[in-house]
Every structure is written in C-alpha cells, then in structure tokens.
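User: Could you take a close look at one part of this model for me and follow it outwards to whatever it touches? Keep it informal, but spell out the cut-offs.

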Amino acid sequence: MTAPGNGPLIIASGLEKTYPLPESGRLCVLDGAGFTLQGGTTLAVTGQSGSGKSTLIALLAGLDRPDHGQITINGTELTGLDEAGLTRFRAAHIGIVFQQFHLLPHLTAEENVRLPLELLHRPCEAEAIDALLERVGLAARRGHLPSQLSGGECQRVAIARALAVKPLLLLADEPTGNLDVATGREVSDLLFHLVEQERMTMVVVTHNQELADRCHRRLRLTEGVLR
Ligand SMILES: Nc1ncnc2c1ncn2[C@@H]1O[C@H](COP(=O)(O)OP(=O)(O)OP(=O)(O)O)[C@@H](O)[C@H]1O
C-alpha cells in the first residue's frame with residue numbers, strides 16, 4: 001500500500017491546540033508538538049490520560065485543525081486544505097481505527113468494509129472485499145450486523161474498512177482499548193501482521209505498552225509536546 005522508506009511521510013511541527021474551558025480561559029493541550037515519520041514505519045504515541053493523544057490523532061486525520069502549526073502528509077499540507085479538500089484527502093489516503101470501532105450499525109460487516117470505496121466512487125470488486133474479509137478472518141461473518149459480532153470481530157471489520165482504500169497512513173486510537181487482554185492481543189497481532197505485510201505507515205495511540213513496544217518508534221506526549 002504505502003511505498004516504504006522514501007523520506008518522511010508525515011512532518012508535523014509546532015502543533016498547538018487549546019479548547020475553551022467551561023467558565024473562562026482555554027485549556028492548552030498541545031503546546032508545540034511535532035515529529036516526523038518515515039514512510040513504512042510505525043510510531044506509538046503514549047501519554048497519560050488527558051495528555052492530548054486523541055487530539056493529536058484528530059489533527060493528523062484532519063478531523064480537527066490545530067490553532068497553530070503544520071501537518072504535511074506525503075507532501076500535502078493539511079492546514080492548506082479547505083473542509084472539502086480535507087474530507088477528500090482523509091477519505092482517499094487515511095485509514096482510521098477507533099477504540100469504539102465506529103461501525104455503522106445498520107450495515108453488515110461486508111457493507112461496512114465496502115462503504116469507504118463507495119463513498120470515493122472507486123470500484124469495489126466482490127473479490128477484493130472477499131479477500132479483505134478473509135485476511136481479517138471474517139469471511140464467515142460477512143453478513144452479520146455489528147450487533148451480531150463480538151468486540152474483537154467488530155474491530156477486525158474496522159481494520160478491514162480502514163485498509164479498504166489502501167491508505168497512505170493508518171491511524172489507530174487505542175485499537176485494543178475496548179477489548180479484553182486476549183482479544184486485544186489477537187487484534188494487535190492482526191494489525192501488525194497486516195501493517196508489516198503492506199509496509200504501511202501507522203501512528204498508534206495507546207496506553208498498552210505491549211502494543212507500543214511492537215512499533216518501530218515510541219514518543220510520549222507530556223505537557224503538550226512529544227518527547
Ligand atoms: N472538544 C473538546 N472540548 C474541550 N476540551 C476537550 C475537547 N476534547 C478534548 N478536550 C480536553 O483535552 C484534553 C486532552 O484530551 P484527549 O482526548 O486528547 O486526551 P487523551 O490523551 O487521548 O486521553 P485518554 O487517554 O484518556 O483518551 C482533556 O483534558 C480533554 O478533557
């Protein structure tokens with residue numbers, strides 16, 4: 001999917017993000033955070049609860065914008081895109097796996113995986129979707145709704161959905177955070193197996209040290225900066 005090892009895929013610099021506090025003033029979450037990540041490598045971002053990890057993922061995904069700073073992904077500066085451009089860029093180039101799966105409840109496993117391709121008006125041959133479901137071990141569950149799947153199976157669907165568009169970058173926000181230890185390990189094995197096979201670039205936010213240790217690099221978010 002991603003062409004590996006051809007210079008930085010992500011350049012993030014001087015990221016600042018504040019949120020309004022209920023009474024007055026603002027909470028400073030990111031205070032000059034930055035990093036670069038080579039294509040084909042994996043980065044774990046750890047940090048205490050509330051340190052801003054999900055905020056960072058939201059900025060990298062173009063789901064939110066920094067107050068200051070820049071994010072360049074594969075040469076495209078996200079801060080230079082308007083809302084429509086950001087949505088298009090995200091849909092075409094970024095796969096996201098969330099802690100809470102975020103599957104559409106009225107769509108089957110297969111339909112959830114197919115959806116990103118349909119939204120992009122890309123061809124989605126049945127064989128390609130079959131192969132993807134097979135790779136995440138869910139060929140036999142293709143017609144199940146999320147409510148008819150276990151947590152681990154839901155996350156497998158979410159991983160297949162994230163990979164369907166062959167993204168440049170995979171972002172994962174606590175991908176095992178909603179799963180028991182054994183299921184979390186299975187999902188993490190699957191995730192790393194697929195990422196290694198495809199030599200993908202991944203940023204994973206996690207409290208799970210085992211998951212973090214499997215990444216090429218680890219950075220900790222503390223006091224608004226990455227160290
Ligand atoms: N939309 C928002 N409005 C106001 N404050 C917010 C908003 N989103 C996040 N925050 C605050 O910003 C801080 C960082 O939140 P964030 O979710 O990025 O942390 P996190 O490191 O991912 O935490 P956790 O590990 O518990 O998921 C928290 O104190 C949170 O309350």
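Analyst: Let's start at Glu 186, which counts as partly exposed because it has 17 C-beta neighbours inside 10 Å. The scale behind that label uses C-beta atoms placed from the backbone: 20 or more others within 10 Å is buried, 12 or fewer is exposed, and partly exposed lies in between. Bear in mind that this is a predicted model, where local features need pLDDT of at least 70 and side-chain atom pairs count only at pLDDT 80 or more, while totals for chains, interfaces and linings use all residues. Residue numbers run from 1 along each chain as its sequence is written.

Glu 186 sits in helix H6, residues 181-198. Helices (H or I, at least four residues) and strands (E, at least two) are DSSP runs, numbered from the N terminus. Thr 176 is 10 residues away from Glu 186 along the chain, and their C-alpha atoms are 9.3 Å apart.

What does H6 connect? Together with E7 and E8, H6 makes a right-handed β-α-β unit. Right-handed here says that, with the strands pointing away from you, the path from the first strand over the helix to the second runs clockwise.

Now the two strands of that unit. E8 (residues 201-205) has 5 of its 5 residues buried, so the rest of the structure largely encloses it. Its two faces are both covered: Thr 201, Val 203 and Val 205 are buried on one side, Met 202 and Val 204 on the other. That fits the general pattern, in which side chains of a regular strand alternate between the two faces of the sheet. E7 (residues 169-173) is mostly covered too, with 5 of its 5 residues buried. From E7, Leu 169, Leu 171 and Asp 173 point one way, whereas Leu 170 and Ala 172 point the other way.

E7 and E8 run parallel and are joined by 5 bridges, with Leu 171 opposite Val 203. Strand E3 (residues 42-46) also pairs with E8 in the parallel sense, over 4 bridges. Within that pairing, Ala 44 has Val 204 as its bridge partner, and Val 45 stands opposite Val 205. E6 and E7 are parallel as well, over 4 bridges, and Val 97 is bridged to Ala 172. Pairing, by the way, needs at least two DSSP bridges between the strands.

Zooming out, 6 strands form an open sheet of mixed pairing, in the order E6-E7-E8-E3-E9-E10. Its edges are E6 (94-97) and E10 (225-226), each pairing on one side only.

Leu 171 shows up again in the largest nonpolar core: it, Ile 159 and Ala 160 touch the most other members among the 58 residues. Helix H5 (residues 151-163) gives the most to this core, with 7 residues. Such a core is a set of buried Ala, Val, Leu, Ile, Met, Phe, Trp, Tyr and Cys residues joined through C-beta atoms within 7 Å.

Which residues does Ile 159 contact, leaving aside its neighbours within four places in sequence? They are Val 97, Val 136, Leu 190, Leu 191 and Leu 194, where contact is C-beta atoms, placed from the backbone, within 7 Å. Val 97 is the residue bridged to Ala 172 in E7, which takes us back to the sheet.

Conventions: Two residues are in contact if their C-beta atoms, placed from the backbone, lie within 7 Å.
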